[in-house]
Amino acid sequence: MDISLFIALLLAPFLSSSDTIICPGYAKELTFYILSLIGVSVSFIRTRQWDIRIYDIIALLLLIAIVANPRFWDNETYIAVAQVLIWWSITRLHWSKATIYLLIAVGSIHAVISLNQIILFPPPPLKGVMGNSGIMGIYTALIASLSLGMAFTEQQWWSKMLMGIVTILFLLTLLITQSRTALLAVVISSGYLCWHFIPLKGYLRKWIRTRNKRIIFGFVAVVVIVVGSIALLQYRMGSVNGRILIYRVTASMLADQPLIGHGYNTFAAQYPNYQARFLAEDSDSPLAIFADNSEVAFNEYLHVAAEYGLLGLAIAMGLLISLFRIPNSADRLVLLCKASLIAFLVAACFSYPLRRHETLSVILIIIGILASKDTRKLCTVPRWGLLLSVPLLIWFYISFGKILYQQAVGYPIWQKARTEKLPMNERLQMYVEANEYLNHNVAFLYNYAVTLSQYEQAEVGNTLFRRVIPYMNTSHIQVMIGANYERLKKSDSAEVYYLHAHDMVPNRFYPLYKLMICYRNRMDTVQMYDIAHQILLKEVKIPSYTVDRIKMEANEILK
């Protein structure tokens, strides 16, 4: 199992590569299929009797929450179920420090590859093998906590020195990513480790023995926290304002469905509509300029609450409390895993580590190892009792295997149709053939809809776009649906979609431009002039050639 985890983590950043020669489009699905199958099989083989613990109950509740909505049975759903099974199997097995060394080794390889990129493609921030500076920083912070913990706990001097050097490598990588969230996460998790391994408590108690020293210490601590927070917020202030908007809109989502949330994997589809409503109610909001097509809440606690409600968030908090109640004396790995878990909990306040499979995989392993050290149990079930779940597992792996087969057959057809220069009829025929295998693949359905729209098959294109929206709802898709309605001579329907696209992301110029052209085509000069005025007065978020041309055309219309 250790080797399987090592290979999966090593390949994780490359599983979603756009290079179909190096990485076929179904590599991520295949990896999690194999890893979960190995983990579940090993768990069943090695266990003689089943001590049911709180983690088994939580795994079951997670599976129920994922499969509760059958219309979301796409590739990502199968991957999510496999990830829960991987985590569950990790909680059932026994782990040693060799696993921690494997995690550190994988992180070191990724850090070295990433640092080579900064040499070839300066300047910072470093995106690294993750292709995203924030996620690269958080991934590094999670593993840096482990390497620092190993530097504290190892007995031999050369092991301490090696772990110290690796920790410096991680910190260097983290600093070049310029990720505020990752920096805060590693500082707090390192403080947790230092508090346990360095006798700070004794020094602190001796130093603040008098009342005046306690006041000075408290004042300095408050000043450091306030100044540090202001400095972090002032750096890249635009992203801070954008996240404030996302938090407020997500809170409105939660207010609508406070108990059970909107359901698994619904955030990306629901959030844009709530953002449109929020900004429509406050049309002069200074946050409108920072709006975007966000698929994540940039706060895992809010994201979980929006999808699973306060009930789901309470279950997640119960899991965390149970993990932190595991005594540090249970195993030397407990303290290290807790430090990495603290880094994740800090990062979860400002980013989305659960939405990227690279960081999620590390988190699942860390939490799984920590849970495996918990000896508390609710009850004991004989081995044959758990075998009742075998038929469900067999059904899942057969269904997932069918999806993988369809991917393996349909993906090459789709890529050939998408990338090669072909006559229109031949290209469309290949898309029809690929659709027989990939009608569950959101990326394919989106690309198919765009292709049909380009070839003037507007009605079928809109049918496919409406299938995509429950998974991926953006202002760009709304604009393309509106453009298809214009091709069908349904300008009233086109107007509805253009307006909604503008309401979703008010700082975008293209929806207003399409709306202006729509009014011009149907000779509605009053509305056309009004939109042209709005375009000329609109604040530009990011200057570009396209925005300049749109403003020029609006100016020509007014002349």
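In this predicted model, the residues I54, I57, L60, L61, I64, L259, I260, L311, I315 and L378 form a nonpolar patch of about 900 Å² on the surface. Two elements, α3 (residues 54-67) and α13 (residues 300-324), each give two or more residues to this patch. Helix α3 supplies the largest share, with 5 residues.

One of the patch residues, I260, is located in the loop that links α11 (237-256) and α12 (267-281). The relative accessibility of I260 is 54%, and the residue therefore counts as exposed, since the cut-off for that class is over 50%.

Helix α15, residues 357-372, presents another setting. Because 16 of its 16 residues are buried, α15 is largely enclosed by the rest of the structure. The length of α15 can also be checked: with 16 residues at 1.5 Å a residue, the helix should span 22 Å, and the end C-alpha atoms are 22 Å apart, which agrees. The expected span is obtained by multiplying 1.5 Å by one less than the number of residues.

The following table gives values for the protein as a whole.

| Property | Value |
|---|---|
| Helices | 25 helices |
| Strands | 2 strands |
| Buried share of the 559 residues | 50% |
| Accessible surface | about 27100 Å² |
| Share of accessible surface belonging to carbon and sulfur atoms | 65% |

Contacts along the chain complete the description. Of the contacts between residues at least 6 apart in sequence, 72% join residues at least 24 apart.

How values were computed
Residues are numbered from 1 along each chain as its sequence is written. This is a predicted model: local features need pLDDT of at least 70, side-chain atom pairs count only at pLDDT 80 or more; totals for chains, interfaces and linings use all residues. Side-chain values use heavy atoms; hydrogens and water are left out. Patches are made of residues with over 30% relative accessible area and no salt bridge: like charges are joined within 9 Å, nonpolar side chains (Val, Leu, Ile, Met, Phe, Trp, Tyr) within 5 Å. Accessible areas come from the Shrake-Rupley method with a 1.4 Å probe; for residues, only the protein chains shown count as cover. A salt bridge is a side-chain nitrogen of Lys or Arg within 4 Å of a carboxyl oxygen of Asp or Glu. Helices (H or I, at least four residues) and strands (E, at least two) are DSSP runs, numbered from the N terminus. Buried means under 20% relative accessible area, exposed over 50%, partly exposed in between (1.4 Å probe, protein chains only). Contact means heavy atoms within 4.5 Å.
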